[in-house]
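Hi,

Here is the structure I promised to pass on. Have a look at it first, and my notes on what turned up are underneath.

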Amino acid sequence: MNDSKVLFDYWHKRVQLRNLKLIEATGHVQTQDLRHECTNYDDLRLSHEVQVLEEPERSKVVAIIKYECTAKVLQDRASRLRNRANKLGDAYNELDQQHSKLLSLIKALQEKLFGKDKDIKQLQARIALLEAENEVLRAESENDKAYAALLTEFEQLKKKYAAVEKRRQELAKNNQSLGGKVAHTKRFRQERDEARALAEQQKQQLTTLIAGNQHLGEENVRLRSELEKLQKQNNLRIV
């Protein structure tokens with residue numbers, strides 16, 4: 001019994017947890033997955049220290065390692081899930097308390113508001129009366145201001161109209177002068193374009209005459225050569 005307890009204690013101390021994310025995962029997780037992926041179970045059972053043992057001692061040690069790894073990871077998972085549940089419970093209780101406080105506050109505010117309905121209605125009626133009286137005074141004041149503003153605007157419009165009329169007359173004179181300049185410019189451009197067209201036409205005619213003259217010169221050379229040949233042939237026949 002004492003030897004078994006020492007053996008269990010020995011391997012219990014050597015068990016190491018890892019992959020805490022899987023240990024803390026919500027929902028069901030297979031025990032064998034927790035043992036293989038979240039402890040060093042495979043490293044311990046395949047260690048040299050275990051493999052050198054003879055049967056049935058080796059199987060006994062592997063069973064102890066399996067038990068210790070499984071127990072430790074399940075205990076740790078249960079503790080982590082319990083802590084999370086406690087935190088969620090505390091958060092729920094706090095939210096419930098806040099909700100109760102808010103309901104109490106809303107109820108108190110409603111009582112104050114509804115209890116003041118009569119005073120509020122009286123104040124609203126007084127405000128409406130004052131606003132109506134104020135509108136009457138404002139209308140009378142605005143009427144006087146509007147008439148004065150209308151006179152001012154009328155005088156300004158008269159000045160603007162006089163300025164616009166003066167500017168219109170100036171523009172009419174400028175347009176008349178500009179019209180003469182534009183007509184002169186158009187006539188000058190037309191004469192320039194006609195002169196350019198005539199010059200281009202004469203240039204083409206000159207080119208044609210030069211080409212014809214060159215051709216006549218070549219033809220004259222050819223005919224002179226043929227004439228010389230005929231003369232030589234005639235001289236030979238006479239001899």
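A nonpolar patch sits on the surface of this predicted model, made up of L102, L105, I106 and L109. Together these four residues have about 370 Å² of accessible area. L109 belongs to helix α6, and it counts as partly exposed because its relative accessibility is 45%. For the protein as a whole, the exposed area comes to about 20400 Å², with carbon and sulfur atoms supplying 56% of that.

Now the fold. You'll find seven helices and zero strands, so if you like to read along the sequence, the pattern is simply α-α-α-α-α-α-α. The protein has 239 residues, and 10% of them count as buried. As for contacts between residues at least 6 apart in sequence, 65% join residues that are at least 24 apart.

T70 is one of the buried ones: its relative accessibility is 14%, and the cut-off for buried is under 20%. T70 lies in helix α6, which covers residues 57–115. Where does its side chain reach? It goes to the backbone oxygen of K66, at 2.7 Å. If you set aside the neighbours within four places in sequence, T70 is in contact with T31 and R35.

Next, the charged side chains. In general, side chains of opposite charge can pair when their charged atoms come close. Searching the whole structure for salt bridges gives 11, and here are some you may want to pull up.

- R18 and D43: their side chains meet in a salt bridge, 3.5 Å from N to O. This pair links distant parts of the chain, with the two residues 25 apart. R18 is in the loop between α1 (2–14) and α2 (20–23), while D43 is in helix α4, residues 41–45. Both ends are partly exposed, R18 with a relative accessible area of 35% and D43 with 48%.

- R45 and D42: another salt bridge, with the closest N and O atoms 3.1 Å apart. Here the partners are both in helix α4. They are three residues apart, which means that about one helical turn separates them. R45 is partly exposed, at 27% relative accessible area.

- E55 and R58: these side chains also meet in a salt bridge, at 3.2 Å from N to O. E55 counts as partly exposed at 45% relative accessibility, and so does R58 at 26%.

- E24, D76 and R80: these three residues are linked in a network of salt bridges.

One question you might ask while clicking through: is R58 buried, partly exposed or exposed? The answer is partly exposed, because its 26% relative accessibility falls between the cut-offs of 20% and 50%. The same reasoning puts R45, with its 27%, in the partly exposed class.

If you only open a few views, I'd go for the patch of L102, L105, I106 and L109, then T70 with T31 and R35, and then the R18 and D43 pair.

Shout if anything in here is unclear.

Cheers

How values were computed. Residues numbered from 1 in each chain as written. Predicted model: local features only at pLDDT ≥ 70, side-chain atom pairs only at ≥ 80, totals over all residues. Heavy atoms only, no water. Helix = DSSP H or I, 4+ residues; strand = E, 2+ residues; numbered from the N terminus. Buried < 20%, exposed > 50% of the residue type's maximum accessible area, 1.4 Å probe, protein only. Contact = heavy atoms within 4.5 Å. Areas by Shrake-Rupley, 256 points an atom, 1.4 Å probe, with all protein chains shown as cover. Polar contact = N/O pair within 3.5 Å; in protein donor to acceptor, adjacent residues only side chain to side chain. Patch = residues over 30% accessible without salt bridge, like charges linked within 9 Å, V, L, I, M, F, W, Y side chains within 5 Å.
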